[in-house]
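Visitor: I am new to this structure. Please take a close look at one topic, the pairing of charged side chains, and then show me what lies around it.

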Amino acid sequence: MATVLDPAGAPTADERRAARRTPSNRPGGRRRHIPPLLAISPFYVLFAVFGTFPVLYSLYLSFQDWDGIGDMRFVGLQQYGWLLKDSVFWHSVLNTFEIWFLSTVPMLFLALVLAFLLHSQVRFSGAMRVAYFIPNVTSMVAMTVVFGSVFAQAGLANSALRAIGMDGIGWLSSEWGIKSSVSLMIIWRWVGYNALIFLAGLQAIPTEHFEAARVDGANSWQTLFRVVLPQLRPVGLFAAVTSTINGLQIFTESQVLFQSTDVGTTGGPGQEGMTIVLYLWQKAFKEHQFGYGAAMGWLLFAITAVFTIINWRLVSGSDRDDRRPGLAGLLRRRGARNGR
């Protein structure tokens with residue numbers, strides 16, 4: 001029988017087997033990854049112990065009736081059923097959304113304005129950036145005490161209003177006064193942080209885009225809405241999502257601001273400062289209903305996820321938003337005019 005020889009230059013069987021070997025199944029391939037994995041393993045161990053385990057345990061706890069000391073009693077979905085019928089919980093949800101709206105919308109607008117001012121050629125811009133970021137790293141408990149003195153009935157805010165002939169406002173006693181005072185604290189804390197985020201986005205926009213818009217005859221408002229804002233969309237998305245997550249987890253402001261009333265667990269007069277996290281803390285750590293608090297935490301997670309997705313859709317836009325005239329439209333019109 002005739003034997004068919006391999007063509008000249010064709011790889012041998014051993015060479016083909018060696019080529020099929022991936023880096024992981026070559027000799028010593030898997031072992032060489034062990035030292036790097038061992039080097040980063042402490043992070044994953046700590047994250048599993050103090051991050052993953054508490055989250056999963058809280059999910060298990062949400063199906064239990066437990067006071068923190070005695071035996072657990074499995075109740076299934078009853079905790080969630082009781083929560084959906086809890087009028088105080090839904091009142092805290094309404095308060096949280098009202099405070100979130102009163103704080104987030106003005107905060108993002110002011111942050112964008114401050115970013116434009118810092119982006120322009122102003123003196124001492126570096127010192128101003130540091131000054132805007134200081135509130136974000138300042139102890140919120142200490143600053144809430146300060147704001148409590150400012151918003152007191154005889155505090156600085158009402159003194160300023162009376163100085164210009166206006167009546168004082170019950171900042172810590174009326175419904176909208178309470179929500180406004182908490183919102184102002186949130187704005188004060190986060191506006192500088194978001195301004196620096198927007199500033200980073202502005203500095204990433206190529207100067208050629210501004211020059212093209214200026215040559216095309218675009219004014220400042222057209223440049224803002226057709227050049228700057230479309231390219232700041234990813235940054236705006238990040239700011240909106242993080243502001244939504246932080247806004248739905250308000251706790252320190254309400255708890256410390258009304259610490260003189262039942263150790264800050266009621267949210268002030270009429271429970272108008274009661275937020276979801278404050279109510280969770282009240283049920284879990286004051287009334288020792290840990291299963292009920294865990295169920296509330298998971299419902300808060302669901303609410304936060306839904307509103308994060310809504311913000312994502314609103315800020316990121318749709319295909320129709322992408323077809324609106326922006327920088328590309330300006331450049332096309334410029335090219336058409338040059339062609340004429």
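**Salt bridges and their surroundings**

Guide: Start with D65 and R73, whose side chains meet in a salt bridge, 2.9 Å from N to O. Keep in mind that the model is predicted. Is this pair buried or exposed? Neither word fits. Buried would need under 20% relative accessible area, and exposed would need over 50%. D65 has 32%, so it counts as partly exposed. R73 has 46%, so it is partly exposed as well.

The count for the model comes to five salt bridges. Another one joins K283 and E287, with 3.0 Å from N to O. Its two partners fall into separate classes. K283 is buried because its relative accessible area is 14%. E287 is partly exposed, at 35%.

Now turn to K179. It forms a salt bridge with E272, and the closest N and O atoms are 2.8 Å apart. This pair links distant parts of the chain: K179 sits in helix 8, E272 sits in the loop between helix 12 (252-257) and helix 13 (276-286), and 93 residues separate them. How accessible is each partner? K179 has 0% relative accessibility, so it counts as buried. E272 has 13%, which is under the 20% limit, so E272 is buried too.

The pair does not stand alone. E98, E175, K179 and E272 are linked in a network of salt bridges.

Stay in the loop that holds E272. Q271 is found there too, between helix 12 and helix 13. Its phi is near 55°, a positive value in a residue other than glycine. Q271 has 26% relative accessibility, so it counts as partly exposed. A second positive phi turns up at H288, at about 60°, although H288 is not a glycine. H288 lies in the loop between helix 13 and helix 14 (290-316). With a relative accessible area of 42%, H288 is partly exposed.

Go back to helix 8, the home of K179. At its start, a side-chain oxygen of S174 reaches to within 3.2 Å of the backbone nitrogen of G177. Helix 8 runs over residues 175-203, which makes 29 residues. How far should it span? The rule is 1.5 Å times one less than the number of residues, so the expected span is 42 Å. The end C-alpha atoms are 41 Å apart, which agrees. There is a bend on the way: helix 8 turns by about 35° at W190.

Which residues come up beside this stretch of chain? Take V150 and S181, 31 residues apart along the chain. Their C-alpha atoms are separated by 9.6 Å. V150 is found in helix 6 (residues 140-150). At 24% relative accessibility, V150 counts as partly exposed. Then take L110 and I187, which are 77 residues apart along the chain. Here the C-alpha atoms are separated by 9.0 Å. L110 belongs to helix 4 (residues 87-119). With 38% relative accessible area, L110 is partly exposed.

Helix 11 (residues 233-247) offers a second test of length. It has 15 residues, so it should span 21 Å. Its end C-alpha atoms are 20 Å apart, which agrees. Helix 11 also has a list of buried residues, among them V235, L237, A240, V241 and T244.

End on a surface without charge pairing. L37, I40, F43, Y44 and F47 form a nonpolar patch there, with about 560 Å² of accessible area together. F43 lies in helix 2 (residues 34-61). At 54% relative accessibility, F43 counts as exposed, because the cut-off is over 50%. One general point helps in reading a helix. An α-helix has 3.6 residues a turn, so residues three or four places apart point the same way.

How values were computed
Residues are numbered from 1 along each chain as its sequence is written. This is a predicted model: local features need pLDDT of at least 70, side-chain atom pairs count only at pLDDT 80 or more; totals for chains, interfaces and linings use all residues. Side-chain values use heavy atoms; hydrogens and water are left out. Helices (H or I, at least four residues) and strands (E, at least two) are DSSP runs, numbered from the N terminus. The bend at a residue is the angle between axes fitted to the seven residues ending there and the seven starting there. A polar contact is a pair of N or O atoms within 3.5 Å; within protein, one must be able to donate a hydrogen and the other to accept it, and residues adjacent in sequence count only if both atoms are side-chain atoms. Patches are made of residues with over 30% relative accessible area and no salt bridge: like charges are joined within 9 Å, nonpolar side chains (Val, Leu, Ile, Met, Phe, Trp, Tyr) within 5 Å. Accessible areas come from the Shrake-Rupley method with a 1.4 Å probe; for residues, only the protein chains shown count as cover. A salt bridge is a side-chain nitrogen of Lys or Arg within 4 Å of a carboxyl oxygen of Asp or Glu. Buried means under 20% relative accessible area, exposed over 50%, partly exposed in between (1.4 Å probe, protein chains only).
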